[in-house]
Amino acid sequence: MKFQKWLQDHLNQITFIVGGFIVLGYAGKFLHMSLLYKIALIIASIMAVIPIALHAYQALKVKVVSIEVLVTIAVFGAFMIGEYNESAIVTFLFLFGSFLEQKTLNKTRESIKSLTEMSPTVANLVLENDEVEEVDVDDLEEGDVVLVKTGGSIPVDGVVVEGKGYADEAAITGESKQMSKTLGSNVYSGSILADGYLKVEATKVGDETTFSKIIELVEEAQDTKSQAEKFIDRFAKYYTPAVLVIALVVFLATKDIRLAITVLVLGCPGALVIGAPVSNVAGIGNGAKHGILVKGGQAMDTFSKIDTFVFDKTGTLTKGTTQVSQIIHYGHKEDLAYTARLEMLSDHPLGKAIIKKAEENQLAFANLPLENSQTLKGQGIVAEVSGHKICAGNEKLLATHEITLNEKQKNDLNNLKKTGSSIVLVTVDGVLSQLIGISDVIRDDVKEQLQHLKKLGAKHLVMLTGDSKETADYVAKELGIDEVHAQLLPDEKVNYVKKFQEKGQMVAFVGDGINDSPSLATADIGISMGSGTDVAIETSDVVLMKSDFTSLVHAYGLAKKTVLNTRENVVIAIGVVLFLLIGLFAGFIYMASGMFVHEASILVVIGNAMRLLAYKVKKG
């Protein structure tokens, strides 16, 4: 057992050492050093066949005649007739194929650790005498009141009973904009208080919090998400016994041990062993060249079968940054400088977006004279800037100052509301000057690329988001999304993914945030944008490092092409084996010519797979 474990732990090193001996052997042949050629290939064969033979033995113990059994017998047969080059090459290809398959598949478990490390561990418990004590979050109970200061992590799900501030809930809802929290507001564990202070009465603690549920959902999805059995293994259940039986029949009928072993050697599926891995590696290599990481051949195969794409909105379909998306001017464009100067009094995210827009327009506003400022709770800000009375806020602010809108302005306001934008109304000296729409901007070319996905085989496009229904409906309409569901928490997104799967749909989920990780793990294929969190990237099966939809379309088309290429290689490999066996019995194939065709078939499948390196999605 210790030896077998040592072999397993050092299998990659053994594979490359075997490859080195094969190179050494053929170098000896080139230099006419036959002894070096023979010894190097014998050593390579023995080193490579030991782990394969052990796997064969384990399979036979559970009454499974695996492909390792056939490879092992063929190697011993090749030794008996002195064909050490065949035994060395076949075993090396077998080990190298396994190495290529497993290389990119072992990262997802790290995501659980990353999530756990982000979970709050301590809390500031408010005692009856109003003193504060730091306690472990596991010691909190429902009904306890905790204090959260600026920059602190909210340790419970609960309700605000005192204070106000802005909470960054990206870890829960995936939304980029900070949410205002006042008396009576709901807050979630794992959120960060970006500004202000809050006293929160706990409604859920420990394992019952939303953040803990996210961790639980990821664990559950990863535990139940098993890799499909490889086609070659399924094929080997029938192929391996068939070749063994044919070899035995040949020996019993002819009493020719060399002929029987030749059947085993030529029947050993060298091209089949390398055909699938080399296609997958070529496809994965093409993807890597284009900034696409595909975690293994099984992920590639499953991705090719996807018919339903489910998208998160913020950071996926949109850029994930709150910014000014539209300004409707009724006065002077320079009035934006007055608004930016006014917003310098506020720490509100909308005000910061306006300031950034003014900076982008290279407006000089920081030193404009400002006086008589007044903040009206729930309405906005009023002040005198450069001698002008400026109001910036919502419709209530205008009503307070008895400022009315004409019909055109009302229509413009209603149309802007339909986009789902947050709106700041700006007046200068009692007259409406600007309507400023602030939102998360849709990514460039998304609409065109989504249509391209449909051309490649996607049948259903869905958007699931924690954002408002108005914003979600607007984005879905703009992009041609087939189905949209808004105001969802992570577990609700998972439920929708499961519903699609229950209908028989193959589902890919595309997201970028921690809140997306349960859905990424639950879907048949999880696809994360490279700009997303480490957890989302590690939980997913496909990572788009460039975070654009051109990469998504390329990855989808590449997956389909790679699977087609793999099938071509399997057909070529099986066809060659059948040709060799038929030729052997018909008398026009012998060991030397058979080995030549056998090795040539390996080069053919490799050459066929290499075509994938040049793959590009056709436009139009």
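**Notes on the predicted model**

1. Val426 stands opposite Gln434 in strand S15. This is a pairing in a predicted model, and it is a handy place to start. Val426 belongs to the partnership of strand S14 (residues 422–428) with strand S15 (residues 431–442), which pair in the antiparallel sense over seven bridges.

2. Step back from that pair and you will find the sheet around it. Six strands make an open sheet with antiparallel pairing, in the order S10-S15-S14-S13-S12-S11. Strand S10 (318–329) and strand S11 (370–376) are at its edges with a single partner strand each, so one side of each has no neighbour in the sheet. On average, neighbouring strands here are turned by 15 degrees against each other, direction ignored.

3. What lies across this sheet? Helix H14 (residues 335–343) lies across S10, S11, strand S12 (380–385), strand S13 (388–393), S14 and S15. The helix runs at about 70 degrees to S13.

4. A second sheet is worth a look as well. It is open too, with seven strands in the order S8-S20-S19-S18-S9-S16-S17, and its pairing is mixed. The edges are taken by strand S8 (292–294) and strand S17 (483–485); each has a single partner strand, so one side of each is left without a neighbour in the sheet. From one strand to the next, the twist averages 15 degrees.

5. At the S8 edge, three bridges join S8 to strand S20 (residues 542–544), and the two run antiparallel. If you would like a residue pair to find on screen, Ile292 stands opposite Leu544 in S20.

6. Which helices lie across the seven-stranded sheet? One of them is helix H20 (residues 490–502), lying across strand S9 (308–311), strand S16 (460–464), S17 and strand S18 (507–511), at about 155 degrees to S18. Another is helix H23 (residues 549–586), which lies across S8, S9, S18, strand S19 (525–529) and S20 and runs at about 155 degrees to S9.

7. Now to the helices at the start of the chain. Helix H2 (residues 11–30) packs with helix H3 (residues 34–61) at an angle of about 160 degrees, the axes being 7 Å apart. That angle makes H2 roughly antiparallel to H3, and their crossing is left-handed.

8. Which residues of H2 and H3 meet? From H2 there are Leu11, Ile14, Ile17, Val18, Phe21, Ile22, Leu24, Gly25, Tyr26, Gly28 and Lys29, and they meet Leu36, Tyr37, Ala40, Leu41, Ile43, Ala44, Met47, Ala48 and Pro51 in H3. By class, this contact has 17 nonpolar, two polar and one charged residues.

9. Helix H1 (residues 2–9) meets H2 in another way: the axes come within 4 Å and cross at roughly 70 degrees. H1 and H2 are therefore roughly perpendicular to each other. Trp6, Leu7, Gln8 and Asp9 of H1 make the contact with Leu11, Gln13 and Ile14 of H2. By class, it has four nonpolar, two polar and one charged residues.

10. Is helix H12 (residues 297–304) largely enclosed or largely open? Seven of its eight residues are buried, so H12 is largely enclosed by the rest of the structure. The buried residues are Gly297, Gln298, Ala299, Met300, Thr302, Phe303 and Ser304.

11. Ser212 deserves its own point. This residue lies in helix H8 (residues 210–224). Its relative accessible area is 15%, so Ser212 counts as buried, the cut-off being under 20%. Leaving aside neighbours within four places in sequence, Ser212 is in contact with Gly206 and Asp207. The C-alpha atoms of Ser212 and Ser119 are separated by 7.6 Å, although the two residues are 93 apart along the chain.

12. Finally, have a look at strand S4 (residues 157–168), which has several antiparallel pairings. Eleven bridges join S4 to strand S7 (residues 192–204), three join S4 to strand S5 (residues 179–181), and two join S4 to strand S6 (residues 186–187). Ala167 stands opposite Leu193 in S7 and also opposite Met179 in S5. In S6, Asn186 is the bridge partner of Val159.

How values were computed:
Residues numbered from 1 in each chain as written. Predicted model: local features only at pLDDT ≥ 70, side-chain atom pairs only at ≥ 80, totals over all residues. Heavy atoms only, no water. Axes fitted to C-alpha atoms, helices over the stretch in contact; angles between N-to-C directions. Parallel < 35°, antiparallel > 145°, perpendicular 65-115°, else oblique. Left-handed = near helix turned anticlockwise from the far one by under 90°. Contact = heavy atoms within 4.5 Å. Nonpolar A, V, L, I, M, F, W, Y, C, P; charged D, E, K, R; others polar. Pairing = 2+ DSSP bridges. Buried < 20%, exposed > 50% of the residue type's maximum accessible area, 1.4 Å probe, protein only.
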